[in-house]
Amino acid sequence: MFKGRDVIDVDCFNKEELLRIFQTAESFKEILSRPIKKVPALRGKRVCNLFFEPSTRTRISFEIAEKTLSADVTNFTASTSSLKKGESFKDTILTLSAMGIDLYVIRHSEPGAPVMLKRYTNAVVINAGDGIHAHPTQAILDGYTVWEKKKDFTNVKIAIIGDIYHSRVARSDMKMFRILGSEISICAPYTLLPKDVENYGVTVAKKPEEAIENADVVMGLRMQLERQSSGLFPSLREYNEMFGITPERMKHAKPDAILMHPGPINRGVELDSYTADATYSVIPEQVTNGVVTRMALLYLLLGGVQIEGTD
Amino acid sequence: MKVLIKGGDLISHSYVGKYDVLISDGRIEKVAKDIDNDNGYREIDASGCFVFPGFIDMHTHLREPGFEYRETLDTGLKAALHGGVTTLACMPNTLPAIDNKANVSFLLGKSKDLHLADLLVIGAITKRREGKELANMGEMKMAGVVAFSDDGSPVTNSHIMRRAMEYAKSIDLPVISHCEVTELSNGGHMREGWFSTYFGIYPIPDVAESIMVARDIELSYLTGERLHIAHVSTKRSVSLVKQAKRDGIPVTCEVTLNHLLFTDEDLFDYDTNKKVNPPLPTRKDQDVLYEAIEDGTIDILVTDHAPYAPHEKEVEFQRAPFGISGLDLFSNMLFEVHRRSGIGMRKLVEAATFVPARLYRLEDKGDIKERNLGDLVIFDPTQTWECLPEILYSKGKNTPFIGKEIKGKVIATLKNGEIVYDAEEGMMRRVEEIEAR
């Protein structure tokens, strides 16, 4: 049911498929605690990480996932590539496609780049973030993190606070948590909300307290300073005051609520430093979960060999 | 030399239905039921086909001079004939811009020598289309331009636009305005709405267009100058134009065939061949555009033919230039609009023949009637063909129809009574050549 499929965005999966990915990730978690962190599931498979946009955590996460599954990994990053010499995206792909790649992981600053990649290759494509469009593997790791903690989605309320406009993570998360049946409440100044955002099936709260009220999951998003100069908000100080996630505001959430953030975090801007380090923060666990969910996806999409100790 | 077109289904302002058309010395001599061919006229069998007046496309980009790798007068005018367009106007966004009489004369002279479709030239409003100083409008009028426009670079300074409109009024030529507040559209690549959000493409709000439509209508009110709004694409623009017409302000407008056939939703595949400015409308706005054709708020249909080289379009969506190549498919796209919208063929054909001829005072064009030029299109609505790049005469293969099956086919295009394009023979310049075969 998964083999050979592309992951352009998270809504290519239904609820059942997403749960299957989470279960597969769960079974992989044990591998990461083994002394020898390697299984031969993807031996002989060639994976290429195409990073046209700088990325540290996503790239490393994919690389570790690929290597743990014994895939042959090739990294292509824009700074070291011929793109600097003026080669077009199309020509780069045509060149790489001639090298027998089985799966591409692509990160690009332009929305739709994974769709374009698909025009020039028959290999499986995983979108690792394209512009402000989508970041499905981050959504899947977020979904897995919630699944691990709450074992449920239908009675879960998710609050997303911050720059939703520029966040591909938020855009994919909104799609996925709606597919999974959760309630979503979002909050940001209207300058940082995309048009018709309610169409995702979310409610827009006027104040962060209102969004966080009774939430099971509170998610912060990175606020970038350069948005200030484009007239989207007056200052980071005011932003923090009005929309920052503080311990005070977290009190509106359920007592067992968790705090998530796709990283990297800006302490003192979208997250208060105390909030970031509080016990309800699962931000470090999200990183670990990123590796196992990506392993699960790679395994399912490439149809790797049976692994000992897993289904 | 007389040509008799027999058995066709005429769709034009003056005649609708089964009529034969007799053309003599380049002009229509007679339109009647069952004209006998006992004088050895060259006969064209048009049974089962529509016969339209040659289309008049008032908004095209032929790229010459300066961007000959995208299109030349030769390829563009051939593409026009292939699509059933016998008269077309080209915009001045060339390099150098068409802002003086020498450049106007160059285009008119060269196009005449080609003996293809008739070219009309639109001169720039300001020098180099910079929006600063008025171009030599009077001189360009004497050289033969039919209107003024700075095309894709709207005159942002309202005072300059006012003066330009006053000046153009004094020499009795209309101004065509590409309405776009660039501070609002800047950085955007598709219409703002749910789909721009869903596809993650930076958006252009609809008011980026209508705010300037409102400004230019007010300037038309002030100056009394004839104003033609290029490619309206939003319900707000339509509403403003409708009100202006009610108020007696001399404003007209056009819509492109692209905006009648595609919507923002169609960008799901990030196909740069569907990237156009103004951006594709929402479905709701497209319905308003359909109504506006029916009720006459929208006067004319155009292609906004904007050919690009493949390497310019084979890039990431947001990095691609705006524009769709359209001349080759004019008749097909118009027919497709009819099929999808249900708007009557006569209404659509008139909006691309009779009405532009009236607006631009093209006395003997845009209708099938006695004494008009023998500019005609014979179109078979039943044939289908695959739109392969090599079939298009335009250098610009950037159309959403590329590789797709297309319904309907231009069987022949006649210019001044001569077959200049024939579906089987291809481009042909003179009747003598046809006879020589």
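**Entry 1. Helices α1 and α12 of chain A**

I began with the packing of helix α1 (residues 15-29) of chain A against helix α12 (residues 283-302) of chain A, and I found an angle of about 115° with the axes 8 Å apart. I note here that the structure is a predicted model. Angles from 65 to 115 degrees count as roughly perpendicular, and α1(A) and α12(A) are therefore roughly perpendicular to each other. I recorded the crossing of this pair, α1(A) and α12(A), as right-handed.

I then listed the residues that make the contact. From α1(A) they are Ile21(A), Thr24(A), Ala25(A), Phe28(A) and Lys29(A). From α12(A) they are Val292(A), Thr293(A), Met295(A), Ala296(A), Leu297(A), Tyr299(A) and Leu300(A). By class, I count 9 nonpolar, 2 polar and 1 charged in the contact of α1(A) with α12(A).

**Entry 2. Helices α1 and α5 of chain A**

I next looked up α1(A) against helix α5 (residues 136-150) of chain A. Their axes come within 10 Å and cross at roughly 75°. I therefore entered α1(A) and α5(A) as roughly perpendicular to each other.

On the α1(A) side I found Leu18(A), Ile21(A), Phe22(A) and Ala25(A) in this contact. On the α5(A) side I found Ile140(A), Gly143(A), Tyr144(A) and Trp147(A). The residues of the contact of α1(A) with α5(A) comprise 7 nonpolar and 1 polar, with no charged residue. I marked Ile21(A) and Ala25(A) in my notes, since they are listed in the contact with α12(A) and also in the contact with α5(A).

**Entry 3. The two domains of chain A**

I turned to the domain assignment of chain A, which gives domain 1 as 10-134 + 288-302 and domain 2 as 136-282. Taken over C-alpha atoms, the centres of domain 1 and domain 2 of chain A are 26 Å apart. To the contact between them, domain 1 of chain A gives 22 residues and domain 2 of chain A gives 19 residues.

Which elements give two or more residues to the side of domain 1 of chain A that touches domain 2 of chain A? I found α1, β4 (124-130) and α12 of chain A. I sorted the residues of that side of domain 1 into 10 nonpolar, 8 polar and 4 charged.

**Entry 4. The two domains of chain B**

I looked up the same items for chain B. Its domain 1 comprises 2-51 + 371-379 + 407-436, and its domain 2 spans 53-359. The centres of domain 1 and domain 2 of chain B, taken over C-alpha atoms, are separated by 30 Å. Domain 1 of chain B enters the contact with 16 residues and domain 2 of chain B with 21 residues.

On the side of domain 1 of chain B that touches domain 2, I found that β18 (376-386), β19 (405-415) and β20 (418-422) of chain B give two or more residues. The largest share of that side, 4 residues, comes from β19(B). By class I recorded 9 nonpolar, 4 polar and 3 charged residues on that side of domain 1 of chain B.

**Entry 5. Chain A against chain B**

Last, I examined the contact of the two chains. I counted 20 residues from chain A and 17 residues from chain B. On the side of chain A that touches chain B, the elements giving two or more residues are α3 (89-97), α4 (113-119) and α6 (168-179) of chain A. The largest share of that side, 3 residues, comes from α4(A). I classed the residues on that side of chain A as 9 nonpolar, 5 polar and 6 charged.

Terms used: Residues are numbered from 1 along each chain as its sequence is written. Chains are lettered from A and ligands numbered from 1 in the order in which they are written. This is a predicted model: local features need pLDDT of at least 70, side-chain atom pairs count only at pLDDT 80 or more; totals for chains, interfaces and linings use all residues. Two residues are in contact if their C-beta atoms, placed from the backbone, lie within 7 Å. Ala, Val, Leu, Ile, Met, Phe, Trp, Tyr, Cys and Pro count as nonpolar, Asp, Glu, Lys and Arg as charged, and the others, Gly among them, as polar. Axes are lines fitted to C-alpha atoms, for helices over the stretch in contact, and angles run from 0 to 180 degrees between N-to-C directions. Angles under 35 degrees count as roughly parallel, over 145 as roughly antiparallel, 65 to 115 as roughly perpendicular and the rest as oblique. A crossing is left-handed if the near helix is turned anticlockwise from the far one by less than a right angle, and right-handed if clockwise. Domain bounds come from an automatic or database domain assignment.
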